[in-house]
Amino acid sequence: MSTQNTRKAITLSTLKRIREKGERFACLTAYDACFAGLLDDAGVEVILVGDSLGMVLQGHDNTLPVTMDDMVYHVECVKRGNRTAFLMADMPFMSYSSEKETLENAAALMRAGAEMVKLEGGAWLASSTRLLAERGIPVCVHMGLTPQSINRIGGYLVQGRDDRQAKNMLDEARLLQEAGANILLLECVPADLGRRITEALEIPVIGIGAGPDTTGQVLVLHDLLGISPISPKFVKNFLAETGSIPEAIRAYVDAVRTGQFPAPEHCFN
């Protein structure tokens with residue numbers, strides 16, 4: 001039976017209750033109405049309209065060329081295909097470089113159908129997070145490996161491996177929670193650091209290459225289906241084990257909820 005016919009709309013309160021119960025939820029990217037419907041039907045709790053579309057749809061080498069117009073268009077598409085999943089959208093590169101741009105661009109995504117916006121960075125996002133939270137816009141802060149900063153980082157490298165960097169990340173995560181962040185997303189950090197940050201915060205933490213102990217897990221849909229040109233360590237091809245796209249998505253949701261994914265081979269030390 002379709003989950004669309006049986007479950008209520010997923011809200012931020014739903015995700016908080018999952019975290020309080022010590023349970024897990026699944027997040028996947030989608031960029032169009034058709035796949036949004038498949039994800040929703042499979043029981044995915046959070047759909048992320050990611051600026052990863054710049055790579056998997058547009059063919060760029062990174063996410064930097066993605067524009068606000070791109071993001072608004074794809075959020076609108078996903079909104080039409082989604083019924084109950086919580087819809088989160090990336091704010092693209094340099095779309096939150098000033099207070100005015102942050103408010104205007106976040107508002108544009110919310111009008112297009114997003115229920116939360118995601119920003120990449122650390123402590124420097126505290127003022128932007130507070131600004132958005134005060135105006136009723138839910139915020140997810142993306143820490144660890146932040147693809148919009150790939151030129152500064154110097155590559156797609158694991159973050160937080162040394163003690164100083166790990167402590168800074170933990171301190172910044174606490175600061176951002178205090179500033180009003182509703183969700184934290186951690187990418188490419190050691191599994192132990194993912195666990196420590198999850199335990200230190202009261203808000204849900206979504207991981208991608210951040211170990212098995214975060215509240216939620218997220219993958220790029222094209223990675224899950226094995227059709228991306230590269231396959232990072234934290235990715236599992238669920239289509240190879242199932243044989244159909246709907247079954248692959250359901251297998252991912254089940255594996256996340258039961259703690260079978262990510263397995264040790266998908267994690268960093």
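**Exercise 1. Backbone conformation at Cys-188**

Determine whether Cys-188 is buried or exposed in this predicted model, and describe its backbone setting.

*Solution.* Step 1: the relative accessibility of Cys-188 is 5%, so the residue counts as buried, the cut-off being under 20%. Step 2: Cys-188 belongs to the loop that connects strand S6 (183-187) with helix H9 (191-200). Step 3: its phi is positive, about 50°, although the residue is not a glycine. Step 4: most residues other than glycine have a negative phi.

**Exercise 2. A second positive phi**

State where Met-94 is found, and whether it counts as buried or exposed.

*Solution.* Step 1: Met-94 sits in the loop between S3 and helix H5 (99-112). Step 2: this residue, not a glycine, has a positive phi of about 65°. Step 3: with a relative accessibility of 51%, Met-94 counts as exposed, because the cut-off for that class is over 50%.

**Exercise 3. A cis peptide bond**

Identify which residues a cis peptide bond joins, and place the proline of the pair.

*Solution.* Step 1: the bond lies between Phe-261 and Pro-262, with omega about 5°. Step 2: most peptide bonds are trans. Step 3: Pro-262 is located in the segment after helix H12 (245-258).

**Exercise 4. The barrel and strand S2**

Describe the strand order of the barrel, and then examine how S2 is joined to S1 and to S3.

*Solution.* Step 1: eight strands form a closed barrel in the order S1-S2-S3-S4-S5-S6-S7-S8, and the pairing is parallel. Step 2: on average, neighbouring strands of this sheet are turned by 25° against each other, direction ignored. Step 3: strand S1 (residues 25-29) runs parallel to S2 and is joined to S2 by three bridges; Thr-29 stands opposite Leu-48 in S2. Step 4: strand S2 (residues 46-49) is joined to strand S3 (residues 86-90) by four bridges, again in parallel. Val-49 stands opposite Ala-89 in S3. Step 5: in a regular strand the side chains alternate between the two faces of the sheet. In S2, Val-46 and Leu-48 point one way, whereas Ile-47 and Val-49 point the other way; all are buried.

**Exercise 5. Helix H8**

Test the length of helix H8 against its expected span, and describe its start, its buried residues and the residue just after it.

*Solution.* Step 1: helix H8 (residues 163-179) has 17 residues, which at 1.5 Å a residue should span 24 Å. Its end C-alpha atoms are 24 Å apart, so the two values agree. Step 2: at the start of H8, the backbone nitrogen of Arg-164 has a side-chain oxygen of Asp-162 within 3.1 Å. Step 3: the buried residues in H8 are Ala-166, Met-169, Leu-170, Ala-173, Leu-176 and Ala-179. Step 4: their cover includes helix H6 (126-134), strand S5 (139-144), S6 and H9. Step 5: just after H8, Gly-180 adopts a positive phi of about 120°.

**Exercise 6. The surroundings of Ala-179**

Find which residues Ala-179 is in contact with, leaving aside its neighbours within four places in sequence.

*Solution.* Step 1: Ala-179 is part of helix H8 and is buried, because its relative accessible area is 5%. Step 2: with those neighbours set aside, Ala-179 is in contact with Ala-126, Thr-129, Arg-130 and Ala-133. Step 3: Ala-179 and Leu-132 are 47 residues apart in sequence, and their C-alpha atoms are 9.8 Å apart in space.

**Exercise 7. A loop threonine**

Establish whether Thr-63 is buried or exposed, and which residues it is in contact with beyond four places in sequence.

*Solution.* Step 1: Thr-63 lies in the loop between helix H3 (53-56) and helix H4 (68-81). Step 2: a relative accessibility of 3% means that Thr-63 counts as buried. Step 3: leaving aside neighbours within four places, Thr-63 is in contact with Asp-51, Ser-52, Met-55, Pro-147 and Gln-148.

**Exercise 8. Cysteines and disulfides**

State how many disulfides a search of the whole structure finds, and explain why Cys-77 is too far from the closest cysteine sulfur for a bond.

*Solution.* Step 1: the search of the whole structure finds zero disulfides. Step 2: the cysteine sulfur closest to that of Cys-77 is in Cys-34, 12 Å away, which is too far for a bond because the cut-off is within 2.5 Å. Step 3: Cys-140 is in no disulfide either, and the nearest cysteine sulfur, that of Cys-27, is 8.3 Å away. Step 4: Cys-77 counts as buried at 12% relative accessibility, and Cys-140 is buried with a relative accessible area of 0%.

Technical notes. Residues are numbered from 1 along each chain as its sequence is written. This is a predicted model: local features need pLDDT of at least 70, side-chain atom pairs count only at pLDDT 80 or more; totals for chains, interfaces and linings use all residues. Side-chain values use heavy atoms; hydrogens and water are left out. Two strands pair if DSSP finds at least two bridges between them. Helices (H or I, at least four residues) and strands (E, at least two) are DSSP runs, numbered from the N terminus. Axes are lines fitted to C-alpha atoms, for helices over the stretch in contact, and angles run from 0 to 180 degrees between N-to-C directions. Buried means under 20% relative accessible area, exposed over 50%, partly exposed in between (1.4 Å probe, protein chains only). The expected span of a helix is 1.5 Å times one less than its number of residues. Contact means heavy atoms within 4.5 Å. A polar contact is a pair of N or O atoms within 3.5 Å; within protein, one must be able to donate a hydrogen and the other to accept it, and residues adjacent in sequence count only if both atoms are side-chain atoms.
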